[in-house]
Amino acid sequence: MPRELTRSELQALEDFLVKRFRAIVVAKTDLMVMQAVALAFGVIGLFVSGLPSSTDFLSRWATTLGPVVWMPTGERDPLGRLILLGHELGHVADWWADPVGYVRRYVGSTELRAKAEAQAERRRIEVQFLLTGTLPTVSEVRTFCEHGYAVPIEAADLGEDLVEMAATSTSAGVIATDVGQAVRDWLREHVS
Amino acid sequence: MLSILVASLWLTAVGHARAVSVALPRPVAPIARTLGWVPAGLVLLALTLGCTPLLGPVDGCPPRATRCGPRGTAQACSGTGRWHDDGTGPCAQLGPDVTCCYTRSPYGRELHACVPRSACLPEPPADAGTDASSTMSEGGVSDAP
């Protein structure tokens with residue numbers, strides 16, 4: 001079980017990760033702006049289908065488009081915020097690696113969208129494991145793709161299988177992703 | 001396709017605008033230069049999108065099965081019968097003792113993943129498969145270990 005980080009350490013780690021992965025993090029405060037951006041991307045259906053309510057969308061859901069991460073206004077716990085950011089930074093890193101191809105795969109195929117989400121979720125799992133020593137619950141793994149990503153059940157199954165494979169590796173101490181490795185290296189350097 | 005074009009161009013514009021705002025005191029001219037790339041980008045992108053399929057050929061694998069792929073990667077079979085890497089690359093690159101093998105997940109299911117050799121289980125008979133639906137158990141680990 002890793003030592004619990006202080007608020008200032010969590011903030012320093014977040015700043016490091018945001019800079020390392022060239023992300024722009026802003027607060028999600030305006031639903032109209034988010035919907036307008038989604039419409040511009042032609043993927044409004046993703047957001048509409050995953051919206052339990054506009055309040056939840058703003059307060060609980062993070063959204064990433066390109067290098068810009070809109071963080072939900074309701075996530076005030078710095079540890080929870082950092083774990084959530086791990087997922088979003090996965091999208092940013094994958095987008096920087098292949099901006100056109102990533103958008104094309106994400107928008108053009110539900111199967112590849114589920115895979116992209118699973119690869120981002122693997123970052124979140126690793127960040128959570130490194131910071132807390134815990135993994136997602138079984139229900140979080142099995143319903144991972146069912147909300148918000150507008151994928152059919154077959155594609156959701158693929159995403160959930162890939163997430164379970166990720167959790168299996170992580171629980172065995174295998175930190176495979178760029179975000180996870182960055183967190184692990186930062187912890188080694190800054191936390192005794 | 002139009003939506004993808006719009007999305008890609010917006011993403012490109014965001015990336016450039018950010019760089020410009022840091023590097024130059026007068027962003028108007030660089031932004032104009034960025035917009036000048038739009039027509040060329042449109043053509044290039046349209047050619048790219050039009051010429052390559054998103055998904056490869058169907059492999060015919062049983063949906064929800066897992067395996068270790070030819071390059072030593074952990075793979076899962078999609079609902080369309082295609083193998084997908086787990087995204088980490090060859091497991092051996094993740095550590096000196098890490099390998100792709102059949103193992104047990106913290107939630108009780110047996111599947112293939114990148115793990116230390118000590119976590120490997122004997123591979124099941126070929127006809128048994130590793131179909132998730134038959135091995136996932138609600139009674140498995142319900143929370144973090």
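The exercises below, each with a worked solution, go through a predicted model of a complex.

Residues are numbered from 1 along each chain as its sequence is written, while chains are lettered from A and ligands numbered from 1 in the order in which they are written. Because the model is predicted, local features need pLDDT of at least 70 and side-chain atom pairs count only at pLDDT 80 or more, whereas totals for chains, interfaces and linings use all residues.

**Exercise 1. Set out the elements of chain A in order from the N terminus.**

Start with the terms: helices (H or I, at least four residues) and strands (E, at least two) are DSSP runs, numbered from the N terminus. Chain A has 10 helices and three strands. Read from the N terminus on, its elements follow the order α-β-α-α-α-β-β-α-α-α-α-α-α.

**Exercise 2. Work out how the strands of chain A are arranged in the sheet, and which helix packs on it.**

Take first the strand order, which in this open sheet of chain A is β1-β3-β2, with mixed pairing; two strands pair if DSSP finds at least two bridges between them. The edge strands, β1 (24-28) and β2 (63-65) of chain A, each pair on one side only. From one strand to the next, the twist averages 20°.

Next, look at β2(A) and β3 (residues 68-72) of chain A, which pair in the antiparallel sense over three bridges. A:Thr64 has A:Val69 in β3(A) as its bridge partner.

Finally, add helix α5 (residues 78-97) of chain A, which packs on the sheet and touches β2 and β3 of chain A, its direction making about 155° with that of β3(A). Here axes are lines fitted to C-alpha atoms, for helices over the stretch in contact, and angles run from 0 to 180 degrees between N-to-C directions; contact requires that the C-beta atoms of two residues, placed from the backbone, lie within 7 Å.

**Exercise 3. Explain why helix α7 of chain A is described as largely enclosed.**

Begin with its extent: α7 (residues 110-132) of chain A has 23 residues and reaches 32 Å from its first C-alpha to its last, close to the 33 Å expected at 1.5 Å a residue, the expected span being 1.5 Å times one less than the number of residues.

Then consider burial, where a residue is buried if 20 or more other C-beta atoms, placed from the backbone, lie within 10 Å of its own. Because 22 of the 23 residues of α7(A) are buried, this helix is largely enclosed by the rest of the structure. After α7(A) comes A:Gly133, with a positive phi near 75°.

Definitions and conventions:
A residue is buried if 20 or more other C-beta atoms lie within 10 Å of its own, exposed if 12 or fewer, and partly exposed in between; C-beta atoms are placed from the backbone.
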